[in-house]
Amino acid sequence: MKRNTSIRPELRQWILDSTRNGQSVDQILQQLKEAGYDPRESRSMVATVLKMPLAALTGVAHPHALRPRHPEAPATRAGDRDVRVLASLDEPVVRVLDQLLDPLECDELIALARPRLDRARTVDAQGGQQVDQRRTSEGMFFRLGETPLIERIESRLAALLGIPVSHGEGLQVLHYGPGQEYEPHYDWFDPTQPGFEAVTAHGGQRIASVVMYLNTPEAGGGTGFPNAGLTVTALKGGAAYFAYETNDTSSLHAGLPVERGEKWIATKWLRERPFVR
Ligand SMILES: O=C(O)CCC(=O)C(=O)O
Ligand SMILES: [Fe+2]
C-alpha cells in the first residue's frame, strides 16, 4: 500500500503545535477529517509526526482486543463441520465460504425467524436502534445461544475463527424481497460519530462479519464489495466472511438488490472483547 512519506512542513508544524496546545490525538484527527483529509492518511501522518506506533491510533493495541483467524483454504475444520473456502481476498480480507450451514439448518433458521420479523434496525449515531433508510429488508435478532440450533452455529463460528462465542452479537436474520437491498456501508463503528462511545462500551469495536446465506435468490442479492470489484454469490449454506480494522474503507460492502425471488441471511458480527448486554 502507498504510504504518505512526504508531509507538508506547515502540516507537520500544525500537528506539533496542536499537541503542545493540549489537543488530543483524537481531536487532531477529527480536525484533519473536517479539513478533508483521508482518515487513514491522517493517522499515518500524525503517527509519523508524533513518533507514535500507528497501531496506537487505530485501536488495535488494546490489550484484550482479539482478532479473528481467517479460515484457511481449501477447508477448515469448524467444530462439527468442514467448511470449504472457495475464494480468498487480502484487501479487504474476505473468505467465500461454502457448506458453513447444512440446508436443514438454513430452513430451520428461517422458520424460527419468520414469525419475529420486523423492519430491519441498525445502530444509530446515539447508540440507539433506528429503522435504517438504507436497508429495506426486514429483520430480527436472536439472543446468544437462544435455541440449540443457534448454540450449535455460534460454537461452529467460534471454532472456525478462534473467537469465543461471548464476543459475538446476537445472530441477526434479515429477509429481502424483490428489489430490496442494503446500500453500501461499513460494519465497523465510526470513532468520529457521537454515539461511538455508547455502541462500543460493551464489547468494543466490531472486528469481523459473517453473512450466511439461508437460501439462494433466483437472481441478484449477492454481497458486493465495490472497492474490490467483488460480488459474493448468495448460495444457500454458504457465507461471506470479512474482517476489518477501524476506518478500513476497503471493507465497504452492500447487500445487492434482489432481482428475482427472495433472500434470507443470518449475520454474525464479532467484537474485539466479550459483548455483554
Ligand atoms: O445482505 C447482504 O448481503 C449484506 C448484509 C450486511 O452487510 C449486514 O448485515 O451488515
Ligand atoms: Fe454489513
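This is a short talk on a predicted protein model with a ligand, covering the ligand site first and then a few backbone details.

Okay, confidence first. This is a predicted model, and the protein chain averages a pLDDT of 90. Of the residues, 88% score at least 70. For the overall scores, we have an ipTM of 0.99 and a pTM of 0.76.

Now the ligand. Where does ligand 1 sit? The answer is the largest cavity. Around ligand 1 there are 12 residues, and the closest are Tyr176, His185, Thr223, His253 and Lys263.

If you like sorting by chemistry, that shell splits into four nonpolar, five polar and three charged residues.

And which strands feed into it? At least two shell residues each come from β9, at 182-185, from β15, at 253-255, and from β17, at 263-271. The largest share belongs to β17, which gives four residues.

Let's go through some polar contacts, since I expect you'll want those distances. Start with Lys263, one of the closest residues: an N or O atom in the Lys263 side chain is 2.8 Å from an oxygen atom of ligand 1. Next up is His253, also on that closest list, with a polar side-chain atom 3.0 Å from a ligand oxygen. Then there's Asp187, where a polar side-chain atom lies 3.3 Å from an oxygen atom of ligand 1. How much of the ligand's accessible area does the protein cover? On its own, ligand 1 has 290 Å² of accessible area, and the protein covers 100% of that.

Right, moving away from the ligand, there are some backbone details to look at when you scroll through the chain.

There's a cis peptide bond from Ala73 to Pro74, with omega near 0 degrees. You'll find Pro74 in the loop between α4, at 55-58, and β1, at 75-78.

Glu91 and Pro92 are also joined by a cis peptide bond, and omega there is about 0 degrees. For that one, look at the loop between β2, which covers 81-89, and β3, which covers 93-98; that's where Pro92 lies.

Last stop, Gln99. What is the sign of its phi, positive or negative? Positive, at about 60 degrees, although Gln99 is not a glycine. Gln99 is in the loop between β3 and α5, the helix at 103-113.

That's my tour, so over to you.

Note on methods: Residues numbered from 1 in each chain as written. Chains lettered and ligands numbered in written order. Predicted model: local features only at pLDDT ≥ 70, side-chain atom pairs only at ≥ 80, totals over all residues. Heavy atoms only, no water. pLDDT = per-residue confidence, 0-100. Near = heavy atom within 4 Å. Polar contact = N/O pair within 3.5 Å; in protein donor to acceptor, adjacent residues only side chain to side chain. Areas by Shrake-Rupley, 256 points an atom, 1.4 Å probe, with all protein chains shown as cover. 1 Å grid on protein atoms, 1.4 Å probe; cavity = no way out; pocket = protein on both sides within 12 Å on 5 of 7 lines; lining within 4 Å. Sits in = over half its atoms within 2 Å of the grid points. Nonpolar A, V, L, I, M, F, W, Y, C, P; charged D, E, K, R; others polar.
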